[in-house]
Amino acid sequence: MDPAFFRTALQAGFLGVMANLIPYGLGMVLTGIIAVLLYHRVNAGALRSGKAARLGAVAGAIAFAATAFLTVLAVVILKTQQQFHDVMMKAIEQSVAHRSGPDVQSFLDWVHTPQGFDTVLAFGMVGALLLSMLFSAAGGLIGSTLFRDRKQPPL
């Protein structure tokens with residue numbers, strides 16, 4: 001990986017923290033597009049699709065990590081751990097509210113334990129990271145198409 005690749009992914013990732021305020025995954029897609037735009041401004045020529053997708057995915061991972069860090073920092077500084085826990089529990093309960101059966105109740109009982117809550121939160125974070133990388137990689141592909149210089153071959 002060339003230094004411009006990582007530097008660009010880092011810049012786009014930090015800009016992606018603000019872009020992630022845009023709902024429905026559009027901010028994540030925008031993060032990938034921004035990454036390719038920044039790379040294109042530094043390096044002449046278009047990116048190949050694979051490299052553009054990798055650039056977007058790395059920028060998405062950085063944006064996710066920075067957002068998660070800022071969230072944890074805010075929860076700790078503001079001493080809102082209990083409120084965070086309550087909001088997360090309510091979201092989990094609402095996500096399974098339309099289901100019925102003994103398995104659902106035993107799952108909810110398990111989630112109310114510290115180990116269960118931590119496990120669900122960890123899996124949720126991994127899922128959110130993967131989604132961020134996937135959507136940002138798609139943005140990288142879109143960006144490579146948008147910023148393609150038709151006269152020069154892709155890098």
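Helices here (H or I, at least four residues) and strands (E, at least two) are DSSP runs, numbered from the N terminus. Leu38, for example, sits in helix α2.

Before you start: this is a predicted model, where local features need pLDDT of at least 70 and side-chain atom pairs count only at pLDDT 80 or more, while totals for chains, interfaces and linings use all residues. Residues are numbered from 1 along each chain as its sequence is written, and side-chain values use heavy atoms, with hydrogens and water left out.

**Exercise 1. Work out which elements the chain has and how spread out it is.**

Step 1: Count the elements. You should get 6 helices and 0 strands. Read from the N terminus, the order is α-α-α-α-α-α.

Step 2: Check the spread. The radius of gyration (taken over C-alpha atoms) is compared with the globule rule, 2.2 Å times the number of residues to the power 0.38. For 155 residues the rule gives 15 Å, but the chain comes out at 19 Å, well over that, so the chain is more spread out than a compact globule.

Step 3: Look at the box. Along the principal axes, the C-alpha atoms fill roughly 60 × 35 × 25 Å.

**Exercise 2. Test whether the span of α3 agrees or disagrees with its 29 residues.**

Step 1: The expected span of a helix is 1.5 Å times one less than its number of residues.

Step 2: For the 29 residues of α3 that should be 42 Å, and the end C-alpha atoms are 42 Å apart, which agrees.

Step 3: See what follows. After α3 comes Lys79, with a positive phi near 55°. Keep Lys79 in mind for Exercise 5.

**Exercise 3. Find the contacts of Leu38 and of Thr8.**

Step 1: Place them. Leu38 belongs to helix α2, and Thr8 to helix α1.

Step 2: Are they buried or exposed? Buried means under 20% relative accessible area, exposed over 50%, and partly exposed in between (1.4 Å probe, protein chains only). Leu38 has 18% and counts as buried; Thr8 is buried too, at 3%.

Step 3: Get the distance. The two are 30 residues apart in sequence, yet their C-alpha atoms are 6.2 Å apart in space.

Step 4: List the contacts (heavy atoms within 4.5 Å). Leaving out residues up to four places away in sequence, Leu38 touches Thr8, Gln11, Ala12 and Leu15. On the same terms, Thr8 is in contact with Ala35, Leu38, Tyr39 and Leu55.

Step 5: Try another residue of α2, Thr31. Thr31 is buried at 1%, and its contacts beyond four places in sequence include Ala12, Gly16, Ala59 and Ser136.

**Exercise 4. Describe the largest nonpolar core.**

Step 1: Know what to look for. A nonpolar core is a set of buried Ala, Val, Leu, Ile, Met, Phe, Trp, Tyr and Cys residues joined through side-chain atoms within 4.5 Å.

Step 2: Pick out the well-connected members. The core has 14 residues, and Ala12, Ala35, Val36, Tyr39, Leu47 and Leu55 touch the most other members.

Step 3: Ask which helices supply them. α1 (3-19), α2 (26-42) and α3 (49-77) each give at least two residues. The largest share, 5 residues, comes from α2.

Step 4: Zoom out. Buried residues make up 34% of the 155 residues in the chain.

**Exercise 5. Find the residues with a positive phi in the loops around α1 to α4.**

Step 1: Recall the background. Most residues other than glycine have a negative phi.

Step 2: Look at Tyr24. Its phi is positive, near 65°; Tyr24 lies in the loop between α1 and α2 and is exposed, at 77% relative accessible area.

Step 3: Go back to Lys79, whose phi is near 55°. Lys79 is in the loop between α3 and α4 (81-95), and at 67% Lys79 counts as exposed.

**Exercise 6. Describe the aromatic pair.**

Step 1: Set the rule. Rings of Phe, Tyr and Trp (its six-membered ring) pair if their centres lie within 6.5 Å; planes under 30 degrees apart count as stacked, over 60 as edge-to-face and the rest as tilted.

Step 2: Apply it. The structure holds 1 such pair: Phe107 and Trp110, 6.1 Å centre to centre with 45° between the planes, hence tilted.

Step 3: Locate the pair. Phe107 and Trp110 are 3 residues apart in helix α5 (residues 102-111), about one helical turn. Phe107 is partly exposed at 31%, and Trp110 is partly exposed at 34%.
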